[in-house]
Amino acid sequence: SGEIGKAVVDGDLITRLTEWTLNEETSESAWGDSASAGYTNRKAARKDATGTIGGKLDSSDYAYNVFRPGDICKLVLWENASRYWVITSCLIKNFKLTFNPDTKEVVGWTADWGADGIYYAPGQSGASTETLPSS
(Lines give C-alpha, C1' and ligand atoms only; values in the text may rest on other atoms or scores of the structure.)
Protein backbone atom coordinates (compact mmCIF):
# COMPACT_ATOMS: atom_id res chain seq x y z
CA SER A 1 0.00 0.00 0.00
CA GLY A 2 1.12 3.57 -0.57
CA GLU A 3 0.87 4.46 3.11
CA ILE A 4 4.47 3.37 3.70
CA GLY A 5 6.01 5.81 1.18
CA LYS A 6 8.62 8.21 2.53
CA ALA A 7 10.99 10.78 1.06
CA VAL A 8 14.47 11.71 2.27
CA VAL A 9 16.26 14.84 1.00
CA ASP A 10 20.00 15.04 1.71
CA GLY A 11 19.56 12.66 4.65
CA ASP A 12 16.55 14.52 6.17
CA LEU A 13 13.29 12.59 6.41
CA ILE A 14 10.49 14.80 5.12
CA THR A 15 7.83 15.02 7.83
CA ARG A 16 4.10 15.12 7.13
CA LEU A 17 4.63 13.74 3.62
CA THR A 18 1.34 13.08 1.82
CA GLU A 19 2.57 12.09 -1.62
CA TRP A 20 5.47 11.51 -3.92
CA THR A 21 5.47 10.76 -7.61
CA LEU A 22 8.17 9.52 -9.93
CA ASN A 23 7.87 9.68 -13.72
CA GLU A 24 10.53 7.64 -15.48
CA GLU A 25 10.84 8.08 -19.22
CA THR A 26 13.15 7.83 -22.18
CA SER A 27 13.40 10.44 -24.88
CA GLU A 28 13.70 9.27 -28.43
CA SER A 29 15.59 9.92 -31.57
CA ALA A 30 13.18 9.56 -34.50
CA TRP A 31 14.05 9.84 -38.18
CA GLY A 32 13.30 8.61 -41.64
CA ASP A 33 15.84 7.64 -44.23
CA SER A 34 16.20 6.02 -47.64
CA ALA A 35 15.88 2.54 -46.10
CA SER A 36 12.79 3.18 -43.93
CA ALA A 37 10.24 2.84 -46.78
CA GLY A 38 8.31 5.90 -45.60
CA TYR A 39 8.15 4.73 -41.98
CA THR A 40 9.73 6.25 -38.89
CA ASN A 41 12.78 4.70 -37.24
CA ARG A 42 13.11 5.15 -33.47
CA LYS A 43 15.86 4.56 -30.94
CA ALA A 44 15.92 5.30 -27.23
CA ALA A 45 17.95 8.39 -26.38
CA ARG A 46 18.25 9.81 -22.85
CA LYS A 47 16.71 8.34 -19.71
CA ASP A 48 15.09 10.80 -17.32
CA ALA A 49 13.16 10.90 -14.07
CA THR A 50 11.00 13.73 -12.78
CA GLY A 51 8.40 13.94 -10.09
CA THR A 52 6.77 15.69 -7.19
CA ILE A 53 6.94 15.47 -3.42
CA GLY A 54 4.24 17.01 -1.28
CA GLY A 55 2.98 17.24 2.23
CA LYS A 56 1.44 19.33 4.95
CA LEU A 57 3.35 22.17 6.55
CA ASP A 58 4.96 21.06 9.81
CA SER A 59 5.67 24.00 12.12
CA SER A 60 8.39 22.03 13.91
CA ASP A 61 10.18 21.01 10.68
CA TYR A 62 9.32 23.24 7.70
CA ALA A 63 10.04 21.55 4.36
CA TYR A 64 11.30 24.86 2.92
CA ASN A 65 14.08 24.82 5.51
CA VAL A 66 15.32 21.55 3.96
CA PHE A 67 15.18 22.52 0.27
CA ARG A 68 14.30 25.46 -1.97
CA PRO A 69 13.91 26.01 -5.73
CA GLY A 70 17.28 25.80 -7.46
CA ASP A 71 18.79 23.46 -4.87
CA ILE A 72 20.66 20.40 -6.06
CA CYS A 73 20.19 17.54 -3.58
CA LYS A 74 20.10 13.78 -3.17
CA LEU A 75 16.56 12.39 -3.06
CA VAL A 76 15.61 8.90 -1.87
CA LEU A 77 12.01 7.83 -2.43
CA TRP A 78 10.99 4.88 -0.26
CA GLU A 79 8.32 2.41 -1.40
CA ASN A 80 8.67 0.54 1.91
CA ALA A 81 11.38 -0.09 4.52
CA SER A 82 13.62 -1.95 2.05
CA ARG A 83 12.69 -0.76 -1.47
CA TYR A 84 13.71 2.69 -2.61
CA TRP A 85 14.62 4.82 -5.61
CA VAL A 86 17.89 6.75 -5.36
CA ILE A 87 18.08 9.99 -7.29
CA THR A 88 21.75 10.71 -6.66
CA SER A 89 21.34 14.34 -7.65
CA CYS A 90 18.19 16.25 -8.49
CA LEU A 91 17.17 19.83 -9.14
CA ILE A 92 14.32 21.21 -7.04
CA LYS A 93 12.41 23.07 -9.75
CA ASN A 94 9.80 24.84 -7.62
CA PHE A 95 8.13 24.97 -4.21
CA LYS A 96 4.41 25.74 -3.86
CA LEU A 97 2.44 26.52 -0.68
CA THR A 98 -1.36 26.31 -0.54
CA PHE A 99 -3.20 28.43 2.02
CA ASN A 100 -7.02 28.39 2.07
CA PRO A 101 -8.47 30.77 4.69
CA ASP A 102 -12.00 29.98 3.48
CA THR A 103 -11.93 26.24 4.25
CA LYS A 104 -9.21 26.48 6.92
CA GLU A 105 -7.63 23.40 5.39
CA VAL A 106 -4.21 22.44 6.75
CA VAL A 107 -1.50 24.24 4.75
CA GLY A 108 -0.15 22.02 1.99
CA TRP A 109 2.98 22.19 -0.11
CA THR A 110 4.39 20.54 -3.23
CA ALA A 111 7.75 20.64 -4.96
CA ASP A 112 8.65 19.43 -8.44
CA TRP A 113 12.05 17.85 -9.05
CA GLY A 114 14.07 16.51 -11.97
CA ALA A 115 16.98 14.05 -11.93
CA ASP A 116 20.40 15.60 -12.52
CA GLY A 117 22.27 12.66 -13.99
CA ILE A 118 22.04 9.00 -13.08
CA TYR A 119 19.34 7.59 -10.79
CA TYR A 120 18.59 4.04 -9.62
CA ALA A 121 15.44 1.94 -9.37
CA PRO A 122 14.93 -0.35 -6.36
CA GLY A 123 17.55 -3.11 -6.35
CA GLN A 124 19.35 -1.78 -9.42
CA SER A 125 23.06 -2.54 -9.56
CA GLY A 126 25.27 0.41 -8.59
CA ALA A 127 22.75 2.04 -6.25
CA SER A 128 23.97 3.22 -2.88
CA THR A 129 22.82 1.39 0.23
CA GLU A 130 20.40 3.59 2.13
CA THR A 131 19.00 3.58 5.64
CA LEU A 132 15.62 5.12 6.32
CA PRO A 133 16.01 7.79 9.03
CA SER A 134 13.60 7.46 11.94
CA SER A 135 13.02 11.22 12.14
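**Exercise 1. Aromatic pairs**

Count the aromatic pairs, then classify the pair of Phe67 and Phe95.

Step 1. The count comes to 6 aromatic pairs, where rings of Phe, Tyr and Trp (its six-membered ring) pair if their centres lie within 6.5 Å. This is a predicted model, in which local features need pLDDT of at least 70 and side-chain atom pairs count only at pLDDT 80 or more, while totals for chains, interfaces and linings use all residues. Residues are numbered from 1 along each chain as its sequence is written, and side-chain values use heavy atoms, with hydrogens and water left out.

Step 2. Planes under 30 degrees apart count as stacked, over 60 as edge-to-face and the rest as tilted. Phe67 and Phe95 have 5.9 Å centre to centre and 70° between the planes, and the pair is edge-to-face.

Step 3. Phe67 lies in the loop between strand S4 (41-56) and strand S5 (72-78), and Phe95, 28 residues apart from Phe67, lies in strand S6 (residues 84-98). Strands (E, at least two residues) are DSSP runs, numbered from the N terminus.

**Exercise 2. Burial and the second partner of Phe95**

Decide whether Phe67 is buried or exposed, then classify the pair of Phe95 and Trp109.

Step 1. Buried means under 20% relative accessible area, exposed over 50%, and partly exposed in between (1.4 Å probe, protein chains only). Phe67 has 1% relative accessibility, so Phe67 counts as buried. Phe95, at 18%, also counts as buried.

Step 2. Phe95 and Trp109 are stacked, with 5.6 Å centre to centre and 20° between the planes. This pair links strand S6 to strand S7 (residues 108-115), its residues being 14 apart.

Step 3. Ring pairs link Tyr62, Tyr64, Phe67, Phe95 and Trp109 into a cluster.

**Exercise 3. Salt bridges**

State how many salt bridges the structure holds, and locate the partners Lys74 and Glu130.

Step 1. The structure holds 5 salt bridges, each a side-chain nitrogen of Lys or Arg within 4 Å of a carboxyl oxygen of Asp or Glu.

Step 2. In the salt bridge of Lys74 with Glu130, the closest N and O atoms are 2.7 Å apart. Lys74 lies in strand S5 and Glu130 in the segment after strand S8 (119-120), so the pair ties together parts 56 residues apart in sequence.

Step 3. Lys74 is partly exposed at 28% relative accessible area, whereas Glu130 is buried at 18%.

Terms used
Helices (H or I, at least four residues) and strands (E, at least two) are DSSP runs, numbered from the N terminus.
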